[in-house]
Amino acid sequence: MSALEIPVARQLIDGAWVPAADQGELPVLDPANSKVIQRIARGGQADVDAAVAAARRAFPGWAATSPTERGALLGRWAALVMERVEDLARVEARDVGKPLSGGRMNAFIAQGIIEYFAGAADKLTGVTLPTRTPDYLGFTIPEPWGVCAVTLPWNVPTLLSAANVAPALAAGNTVVLKPSEVAPLGPLALAELAREAGLPPGVFNVVTGLGAEAGQALTSHTDIDHISFVGSTATGSAVMRAASENLVPVKLELGGKSPNVVFADADLDVAIPAIVGSITENAGQNCYAGSRLLVEESIRDEVTERVAAGMRAVRLGTWDMDLDMGPLVSREQRERVLGFLEEAPGEGARVVTGGAKAEVPDEGWFVAPTVLDRVDRGMRVVREEVFGPVLAIQGFTGTAQAVEMMNDTDFGLLACIWTDDVSRALRAAKEVRAGQVAVNQFHDAGVIGFPFNMQKDSGFSAGGGYAALREYTQEKAVAVRLLDR
Ligand code: NDP
């Protein structure tokens with residue numbers, strides 16, 4: 001089998017790999033050593049116009065194919081992704097800087113997502129509605145929006161591409177995707193496999209480039225019908241303002257400040273490694289990262305000590321060393337994270353471990369896994385998303401205070417509850433304002449089709465699972481009077 005080729009400085013528009021209209025290019029850097037690993041097209045307004053026009057032309061034909069046929073094409077795409085899963089793992093790992101095993105996990109999840117929506121394409125149904133008399137019939141028809149714009153961040157680009165593009169296509173939409181210019185290679189590789197799988201030209205287009213150029217041109221385009229934005233809260237807010245000009249519906253998946261809440265009766269042998277993993281996986285650059293650790297006071301010292309030991313044991317290295325944690329994705333991201341670490345001690349935080357750059361061979365953008373305690377709600381490191389391997393520990397007493405502290409954040413993405421007491425777990429799960437809750441595990445491992453829901457400033461609308469298929473449709477309501485013939 002030949003190596004997976006990602007065309008250099010090309011974007012996928014109308015089924016063909018083409019350069020940017022103005023021939024501009026951008027470098028993609030290896031986070032481990034700042035070397036250029038690829039060049040991408042610097043797309044702009046003209047490229048976005050061409051991609052949206054191609055998606056518009058392709059839409060009627062694609063929407064008219066039977067859901068079974070769409071599912072079969074997506075199934076072929078999923079099969080090709082499975083064949084190339086190791087190639088995709090390498091692309092993702094090198095581009096983002098994560099260990100190869102992390103890239104592999106993301107590539108497998110992306111494959112599973114595409115396969116899920118291949119199977120779901122012909123399971124999307126409307127409902128029949130009750131009527132006041134037998135002379136009426138009421139029902140709904142789920143219909144695709146049309147041309148969907150998808151704008152993604154750099155942290156898990158392959159998985160997020162699958163999670164947004166596959167349900168949109170399964171529901172009969174066409175797509176224009178703008179990945180982050182910081183890590184665009186996984187999405188480009190997935191798009192090439194979709195093309196090889198036989199998706200018709202124009203159904204899935206990718207425009208690469210800068211957020212302020214290609215991103216803004218896409219999200220403010222007057223001929224798109226739906227926007228799916230994954231990224232920071234600040235940019236999400238700007239995208240929503242642009243969408244309001246054109247009255248386009250928006251799905252927003254934004255940042256997080258997720259708590260791991262550890263009660264005194266928790267099984268610490270299970271909890272501690274998961275808590276360490278929750279903030280060091282992908283170097284803490286996950287929207288659901290467990291960046292706040294809330295611990296019942298009676299076990300606070302023990303948990304702090306054990307978590308700090310776990311963080312010190314995390315092995316750092318480049319993607320191909322395949323250890324536990326890689327560098328941050330870019331110089332800017334590391335400067336941002338170090339800014340938090342410089343500020344926190346001055347505000348009274350104690351650095352239990354880490355707290356600075358990490359000394360690692362190669363000149364990558366590494367930060368040491370860091371644990372801070374003596375933090376409080378007023379500190380920026382507790383309030384804002386750091387997006388790095390930085391854990392802030394706070395103590396609590398009793399379920400009511402635990403819930404209050406879980407909710408003491410602008411974000412509402414994930415909450416993880418560690419306890420042996422089912423009533424306490426369910427009370428906390430019910431009262432926390434978060435889109436997703438995990439009990440005695442970190443996140444959704446093992447649950448198929450887990451909806452990736454969000455509350456508060458973390459965003460809204462459903463991603464993941466069957467709910468995502470619904471997100472990419474609008475319902476038409478039909479009322480019929482049955483005349484007496
Ligand atoms: P950004 O918000 O900076 O960027 C996201 C995407 O939007 C990028 O493709 C970016 O392009 C583009 N963009 C930037 N400015 C504009 C604009 N004015 N109009 C349209 N598009 C624009 O996020 P990051 O890439 O820094 O990613 C990190 C963030 O993503 C974190 O906050 C994280 O929590 C969040 N995230 C949320 C997830 C969720 O499911 N809730 C999942 C994963 C990450 P470019 O990069 O080229 O500037």
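This passage walks through a predicted model, taking strand 11, a small open sheet, two loop residues and a pocket in turn.

The model is predicted, so local features are reported where pLDDT is at least 70 and side-chain atom pairs count only at pLDDT 80 or more, while totals for chains, interfaces and linings use all residues. Residues are numbered from 1 along each chain as its sequence is written, and side-chain values use heavy atoms, with hydrogens and water left out.

A good place to begin is strand 11, which covers residues 250–253. Helices and strands are DSSP runs numbered from the N terminus (H or I over at least four residues for a helix, E over at least two for a strand). Val 250 and Leu 252 point one way from strand 11, whereas Lys 251 and Glu 253 point the other way. The residues of both groups are buried, where buried means under 20% relative accessible area, exposed means over 50% and partly exposed lies in between (1.4 Å probe, protein chains only).

Strand 11 has partners of two kinds. Strands of a sheet pair through backbone hydrogen bonds, either parallel or antiparallel; here, two strands are said to pair if DSSP finds at least two bridges between them. With strand 10 (residues 226–230), strand 11 pairs in the parallel sense over 4 bridges, and Ile 227 stands opposite Val 250. Between these two strands the chain passes through helix 8 (residues 233–246), making a right-handed β-α-β crossover. Right-handed here means that, with the strands pointing away from the viewer, the path from the first strand over the helix to the second runs clockwise. With strand 21 (residues 459–460), strand 11 pairs in the antiparallel sense over 2 bridges; there, Glu 253 stands opposite Gly 459.

Glu 253 deserves a second look. UniProt, in an unreviewed entry, lists Glu 253 under "active site"; positions from that record are given in the numbering used here, feature names are shortened, and annotations may be inferred rather than shown by experiment. Glu 253 sits in strand 11 and counts as buried because its relative accessibility is 8%.

Elsewhere in the chain, 3 strands form an open antiparallel sheet in the order 5-6-22. Its edge strands, each pairing on one side only, are strand 5 (128–129) and strand 22 (473–481). Strand 5 and strand 6 form a hairpin with 6 residues between them. Their antiparallel pairing runs over 2 bridges, with Leu 129 opposite Gly 138 in strand 6. On the other side, strand 6 (residues 136–144) and strand 22 pair in the antiparallel sense over 9 bridges. Among the residues facing each other there, Phe 139 has Val 478 as its bridge partner, and Pro 144 has Thr 473.

Two loop residues have a backbone angle worth noticing. Most residues other than glycine have a negative phi, and most peptide bonds are trans. Leu 247 is not a glycine, yet its phi is positive, at about 55 degrees. Asn 282 is not a glycine either, and it too has a positive phi of about 55 degrees. Leu 247 is found in the loop between helix 8 and strand 11, while Asn 282 is found in the loop between helix 9 (268–280) and strand 13 (292–296). Leu 247 is exposed, with a relative accessible area of 76%, whereas Asn 282 is buried, with a value of 8%.

Last comes the second largest pocket. Rolling a probe the size of a water molecule over the atoms shows where empty space is left. On a 1 Å grid over the protein atoms alone, a pocket is an open set of points where a 1.4 Å probe fits, with protein on both sides within 12 Å along at least five of seven lines, and lining residues have an atom within 4 Å of a point. The second largest pocket holds about 260 Å³ of space, a volume being the space filled by probe spheres set on the points, which are joined across faces, edges and corners. Its lining has 13 residues, and Leu 4, Ile 6, Arg 90, Val 91 and Arg 94 lie nearest the centre. Strand 4 (36–41) and helix 3 (85–96) each supply at least two lining residues, with helix 3 giving the largest share, 5 residues. By class, the lining has 7 nonpolar, 1 polar and 5 charged residues. Here Ala, Val, Leu, Ile, Met, Phe, Trp, Tyr, Cys and Pro count as nonpolar, Asp, Glu, Lys and Arg as charged, and the others, Gly among them, as polar.
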